[in-house]
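Visitor: I'd like a close look at one strand of your choosing, please, along with whatever surrounds it. Take your time, and go on to the rest of the fold once that strand is clear.

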Amino acid sequence: MRAPLRTGTGQGAGQRARTVAARAGGHRLGAAGRGLGRLLRKTSTVGLVLYALALGAVLGLASADWATRGGYPFGGVAVGAWTAWPRTGSMAADPYARAVNARRGEIPLAVGEGMLLTAAADDSGSTLDATCTYRIEGVTPPARAWTLTVAGRGAPDPARPPLREGFTSTEVLRARDGRFAIVVGPEAEPGNWLPSPRASGPIRLALRLYDTPVAASAGSLDREAVPAITRVRCGA
């Protein structure tokens, strides 16, 4: 009878020891949790402010990069497949246009100097692609001189040196009626040919009119006053 009593007493003592240890551990955890809570309460305001500032900076930089990475985001006047930008070089230019000019390192044409027209799609609305061949044909709005250039959207391909980037109004070959046709594509063509600036990817056309009376009235231009952009074929 004595052995069971001694065994029970040992088990009870062990249980009490574990209970005391658990309580001590719980007290320590509780103290640590309360200390952490006090620390978080003290730093919550500062932490939230720093988090808000960091989040605002990241979102601001990302949105600014997105808004100035491509062309001008606002102020364009659609004329067929082209978009005229009559005020990107004026004093009334919006901040985004100024940021785009600063990022490109370009000096835009002022209202009294000329006007820029750009095209990123053909007359059917399809995005201009470097693997396709396009025909830019017709006439331009009245201007003392003009240039038509082609460029890729994004960084240039270093493995593809540019052979020719554009034509001017003084060197382009014309028909008897004064109309012209310029072919843009990856393969050489007879006549006025502009090579694609890259092997693949989107491209953009830029038509710059110098000393033109339409700079102050771009909204009056109609589709027949600008060259048509027609896709001839696309590579496999």
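Guide: One cut-off before we start: buried means under 20% relative accessible area, exposed means over 50%, and partly exposed is whatever falls in between. Glu-137 is a handy test case, since a relative accessibility of 36% makes it partly exposed. Keep in mind that this is a predicted model.

The strand I'd pick is strand 3, so let me place it. The protein has two helices and 10 strands, and from the N terminus the elements run α-β-β-α-β-β-β-β-β-β-β-β. Strand 3 covers residues 114–119 and belongs to an open sheet of six strands, ordered 1-2-3-9-5-6 with antiparallel pairing. The edges of that sheet are strand 1 (77–79) and strand 6 (166–168), each of which pairs on one side only. From one strand to the next, the twist averages 20 degrees.

Now look at the two neighbours of strand 3. On one hand there's strand 2 (residues 82–85), which runs antiparallel to strand 3 and is joined to it by three bridges. For a landmark in this pairing, find Thr-83, which stands opposite Thr-118 in strand 3. On the other hand there's strand 9, which pairs with strand 3 in the antiparallel sense over six bridges. Here the landmark is Leu-117, whose bridge partner in strand 9 is Leu-207.

How many of the six residues of strand 3 are buried? Six of the six, so strand 3 is largely enclosed by the rest of the structure. Set that beside the whole protein, where buried residues make up 29% of the 236 residues. As for direction, side chains in a regular strand alternate between the two faces of the sheet. In strand 3, Gly-114, Leu-116 and Thr-118 point one way, while Met-115, Leu-117 and Ala-119 point the other way, and all are buried.

Two residues from that second set come back when you turn to the largest nonpolar core. It has 32 residues, and the members that touch the most others are Trp-82, Met-115, Leu-117, Leu-205 and Ile-229. Strand 3 is among the contributors that supply at least two residues each, alongside strand 2, strand 4 (132–138), strand 5 (145–152), strand 7 and strand 9 (203–210). The biggest share comes from strand 9, which gives four residues. So Leu-117 is a good residue to keep on screen: it has Leu-207 as its bridge partner, and it's listed with the best-connected members of the core, those that touch the most others.

Some of those core contributors sit in a second open sheet. This one has four strands in the order 8-7-4-10, with mixed pairing. Strand 8 and strand 10 are its edges, each pairing on one side only, and neighbouring strands are turned by 20 degrees against each other on average, direction ignored. Strand 7 and strand 8 pair in the parallel sense over four bridges, with Gly-185 standing opposite Pro-195 in strand 8.

That leaves the charged side chains, which takes us back to Glu-137. The structure holds five salt bridges, and one of them links Glu-137 to Arg-135, with the closest N and O atoms 3.2 Å apart. Arg-135 is partly exposed as well, at 33%.

Another joins Arg-164 and Glu-171 at 2.9 Å, N to O. Arg-164 has a relative accessible area of 31%, so it counts as partly exposed, and Glu-171, at 38%, is partly exposed too. Arg-164 also lies over the face of Phe-167, 4.0 Å from the ring centre. As for rings meeting rings, the structure holds one aromatic pair.

Finish with Glu-189 and Arg-233, whose closest N and O atoms are 2.4 Å apart in their salt bridge. Glu-189 lies in the loop between strand 7 (180–185) and strand 8 (192–195), and Arg-233 lies in strand 10 (residues 228–234), so this pair ties together parts that are 44 residues apart in sequence. Both partners are partly exposed: Glu-189 at 23%, Arg-233 at 37%. Strand 3, by contrast, has six of its six residues buried.

Note on methods
Residues numbered from 1 in each chain as written. Predicted model: local features only at pLDDT ≥ 70, side-chain atom pairs only at ≥ 80, totals over all residues. Heavy atoms only, no water. Pairing = 2+ DSSP bridges. Axes fitted to C-alpha atoms, helices over the stretch in contact; angles between N-to-C directions. Salt bridge = Lys/Arg side-chain N within 4 Å of Asp/Glu carboxyl O. Buried < 20%, exposed > 50% of the residue type's maximum accessible area, 1.4 Å probe, protein only. Phe/Tyr/Trp six-rings, centres within 6.5 Å; stacked < 30°, edge-to-face > 60°. Lys NZ or Arg CZ within 6 Å of the ring centre and 35° of its normal. Core = buried A, V, L, I, M, F, W, Y, C linked by side-chain atoms within 4.5 Å.
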